[in-house]
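Good morning, and thank you for making time on the agenda. I should like to take the group through one structure, element by element.

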Amino acid sequence: MLKIGLIGCGGRGTGAAVNALNTKANVKLVAMADAFKDSLEGSLAAIQRECKDRVDVPAERQFVGLDAYQQAIGCG
């Protein structure tokens with residue numbers, strides 16, 4: 001299985017994550033990072049609506065802040 005993380009949860013990042021999860025490959029979203037909590041939460045909800053069975057991003061792998069990308073990279 002290929003585990004992916006989303007860094008930057010705006011429209012473009014969310015769309016790219018949905019595209020990656022909608023492939024035939026065995027892919028799962030396991031971490032997310034954004035500077036703003038509301039952006040991350042909105043993105044997570046949108047991705048779950050499209051690809052619920054391929055999303056496993058519990059609260060401990062949701063990173064918020066200007067250094068959130070470093071935490072997401074380090075959790076894999």
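I shall begin with the strands and helices, and then turn to the interior, the charged pairs and the cysteines.

Please keep in mind throughout that this is a predicted model.

Let us start with the sheet. Strand β1, residues 2-7, and strand β2, residues 27-34, run parallel and are joined by six bridges. Between these two strands the chain passes through helix α1, residues 11-21, and the resulting β-α-β crossover is right-handed. Two pairs of residues may help you to find the register on the screen. Leu 2 stands opposite Val 27 in β2, and Gly 5 has Ala 31 of β2 as its bridge partner.

On to the next pairing. β2 and β3 also run parallel, with three bridges joining them. Within that pairing, Met 32 has Gln 62 of β3 as its bridge partner. A right-handed β-α-β unit is formed here by β2, α2 and β3.

How enclosed is β2 by the rest of the structure? Seven of its eight residues are buried, so this strand is largely enclosed. As a general reminder, side chains in a regular strand alternate between the two faces of the sheet.

That brings me to the interior. The largest nonpolar core has 14 residues. Those with the most contacts inside this core are Leu 6, Leu 21, Leu 29, Met 32, Ile 47, Val 55 and Val 57. At least two residues of the core come from each of α1, β2 and α2. Which element supplies the largest share? That element is α2, with four residues.

Leu 21 deserves a closer look. If we leave aside neighbours within four places in sequence, Leu 21 is in contact with Ile 4, Val 27, Lys 28, Leu 29, Ile 47, Cys 51, Arg 54 and Val 55. Apart from the largest core lies another one, of five residues, including Ala 33, Phe 63, Ala 68 and Ala 72.

A polar residue on the helix side is also worth noting. Thr 14 is found in helix α1. With a relative accessible area of 12%, Thr 14 falls under the 20% limit and is therefore buried. Beyond its neighbours within four places in sequence, Thr 14 is in contact with Leu 6, Cys 9, Ser 43, Ala 46 and Ile 47.

Next, the charged pairs. In general terms, side chains of opposite charge can pair when their charged atoms come close. How many salt bridges does the structure hold? There are two salt bridges.

In one of them, the side chains of Glu 41 and Lys 37 meet, with an N to O distance of 3.8 Å. Both residues lie in helix α2, residues 37-51, and they are four residues apart, about one turn of the helix. Glu 41 is partly exposed at 40% relative accessibility, whereas Lys 37, at 52%, counts as exposed. The limit for exposed is over 50%, so Lys 37 meets it at 52%.

The other salt bridge links the side chains of Asp 56 and Arg 61, at 3.3 Å from N to O. Asp 56 sits in the loop between α2 and β3, the latter being residues 62-64. Both partners are partly exposed: Asp 56 has a relative accessible area of 36%, and Arg 61 has one of 22%. Leaving aside neighbours within four places in sequence, Asp 56 is in contact with Lys 28, Leu 29, Val 30 and Arg 61. For a sense of how the two salt bridges are placed, Asp 56 and Lys 37 are 19 residues apart in sequence and 18 Å apart in space, C-alpha to C-alpha.

Finally, the cysteines. A disulfide is, in general, a covalent bond between the sulfur atoms of two cysteines. How many disulfides are counted here? The count comes to zero. For Cys 51, the nearest cysteine sulfur is that of Cys 9, and it is 14 Å away. A disulfide requires sulfur atoms within 2.5 Å, so Cys 51 is in no disulfide. As to their surroundings, Cys 9 is buried at 4% relative accessibility, and Cys 51 is buried as well, with a relative accessible area of 3%.

To close, I would point you back to β2, which pairs with β1 through six bridges and with β3 through three. Thank you; I am glad to take questions.

Terms used: Residues numbered from 1 in each chain as written. Predicted model: local features only at pLDDT ≥ 70, side-chain atom pairs only at ≥ 80, totals over all residues. Heavy atoms only, no water. Pairing = 2+ DSSP bridges. Right-handed = clockwise from strand over helix to strand, strands pointing away. Buried < 20%, exposed > 50% of the residue type's maximum accessible area, 1.4 Å probe, protein only. Salt bridge = Lys/Arg side-chain N within 4 Å of Asp/Glu carboxyl O. Core = buried A, V, L, I, M, F, W, Y, C linked by side-chain atoms within 4.5 Å. Contact = heavy atoms within 4.5 Å.
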